[in-house]
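Grab a pencil and open the viewer. Below are some exercises, each with a solution worked step by step.

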Amino acid sequence: MENDQESKNNMDVYRGVRKRKWGKWVSEIREPGKKTRIWLGSYQKAEMAAAAYDVAAFHLKGERPNLRLNFPELIHTFPKPSSSRPEDVQMAAHEAAMRFKPSIDDHPEECGVGQVRVGLSPSQIQAINESPLDSPKMWMELAGALLPVREYTCPTDYFEDETPHHHESIWDF
């Protein structure tokens, strides 16, 4: 219930921001004089989405006395889009949003290592099962790849009889 009240308060406070039902905060803005919108992103925190909106609104609508921004005191510190192309607006908006990204110290439970699922294809699973890590074949292939087999000749002054000695690879035994 508390989260519902918090999200309702944030939606009322931040312009151009709404919360998805799965908890992400999103921002978009309508292009002036058009029916199209520029998608500004999906973020962890409402403040991130609000900063993204501010960058886009300030760039697209210009500096006007009636322009409503979420962080008017920060607008001149935010990145400026290089053009009005949606890609440039999105990039600058994303950079501004990242300034509000929570650090690990703020929310360690959100940034910690949790359960990770790695998807493997059936052929990858088959390859793993056919060549287990403890198989002698795998170790021999690894040794062959890492240690090229070369014949080693000892220096002649090392031995008393002064005949060169050839040593076989340890893998030949």
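Helices (H or I, at least four residues) and strands (E, at least two) are DSSP runs, numbered from the N terminus. This is a predicted model, where local features need pLDDT of at least 70 and side-chain atom pairs count only at pLDDT 80 or more, while totals for chains, interfaces and linings use all residues. Residues are numbered from 1 along each chain as its sequence is written, and side-chain values use heavy atoms, with hydrogens and water left out.

**Exercise 1. Write down the order of helices and strands along the protein chain.**

Step 1: Take stock of the elements. The protein chain has six helices and five strands.

Step 2: Now walk along the sequence. The pattern reads α-β-β-β-α-α-α-α-α-β-β.

Step 3: Add the overall numbers. Of the 173 residues in the protein chain, 27% are buried, where buried means under 20% relative accessible area, exposed over 50%, and partly exposed in between (1.4 Å probe, protein chains only). With a contact taken as heavy atoms within 4.5 Å, look at those between residues at least 6 apart in sequence: 38% of them join residues at least 24 apart.

**Exercise 2. Work out the strand order of the three-stranded open sheet, then find which helix packs on it.**

Step 1: Start with the pairing rule: two strands pair if DSSP finds at least two bridges between them. The open sheet runs E1-E2-E3, with antiparallel pairing.

Step 2: Spot the edges. Strand E1 (17-19) and strand E3 (37-43) each pair on one side only.

Step 3: Check the twist, which averages 25° from one strand to the next. For angles, axes are lines fitted to C-alpha atoms (for helices over the stretch in contact), and values run from 0 to 180 degrees between N-to-C directions.

Step 4: Zoom in on one pairing. Six bridges join strand E2 (residues 25-30) to E3 in the antiparallel sense, and Val26 has Ser42 in E3 as its bridge partner.

Step 5: Bring in the helix. Helix H2 (residues 46-61) packs on the sheet and touches E1, E2 and E3, its direction making about 10° with that of E2.

**Exercise 3. Classify the ring pairs that Phe71 makes with Tyr14 and Phe100.**

Step 1: Recall the cut-offs. Rings of Phe, Tyr and Trp (its six-membered ring) pair if their centres lie within 6.5 Å; planes under 30 degrees apart count as stacked, over 60 as edge-to-face and the rest as tilted. The structure holds three aromatic pairs.

Step 2: Try Tyr14 and Phe71. Their ring centres are 5.7 Å apart and the planes meet at 45°, so this pair is tilted. Tyr14 sits in the loop between helix H1 (2-13) and E1, and Phe71 in the loop between H2 and helix H3 (86-98), so the pair ties together parts 57 residues apart in sequence. Both Tyr14 and Phe71 are buried.

Step 3: Now Phe71 and Phe100. Here the centres are 4.9 Å apart and the planes at 20°, so the pair is stacked. Phe100 belongs to the loop between H3 and helix H4 (108-111), so with Phe71 in the loop between H2 and H3 the pair ties together parts 29 residues apart in sequence.

Step 4: Put the rings together. Tyr14, Phe71, Phe78 and Phe100 form one aromatic cluster.

**Exercise 4. Find the salt-bridge partners of Glu28, Lys34 and Asp88, and say how buried or exposed the residues are.**

Step 1: Apply the rule: a side-chain nitrogen of Lys or Arg within 4 Å of a carboxyl oxygen of Asp or Glu. That gives four salt bridges.

Step 2: Glu28 goes with Arg18, their closest N and O atoms being 3.0 Å apart. The pair links strand E2 to strand E1, ten residues apart. Glu28 is buried at 19%, whereas Arg18 is partly exposed at 35%.

Step 3: Lys34 goes with Glu31, at 3.7 Å between the closest N and O atoms. Lys34 is partly exposed at 49%, and Glu31 is buried at 13%.

Step 4: Asp88 meets Arg85 at 3.5 Å, N to O. Arg85 is partly exposed at 48%, while Asp88 is buried at 14%. Shared partners join Arg85, Glu87 and Asp88 into one network.

**Exercise 5. Say what the buried residues of H3 pack against.**

Step 1: List the buried residues of H3: Asp88, Val89, Ala92, Ala93, Ala96 and Ala97.

Step 2: Look at their neighbours. These buried residues pack against E3 and H2.
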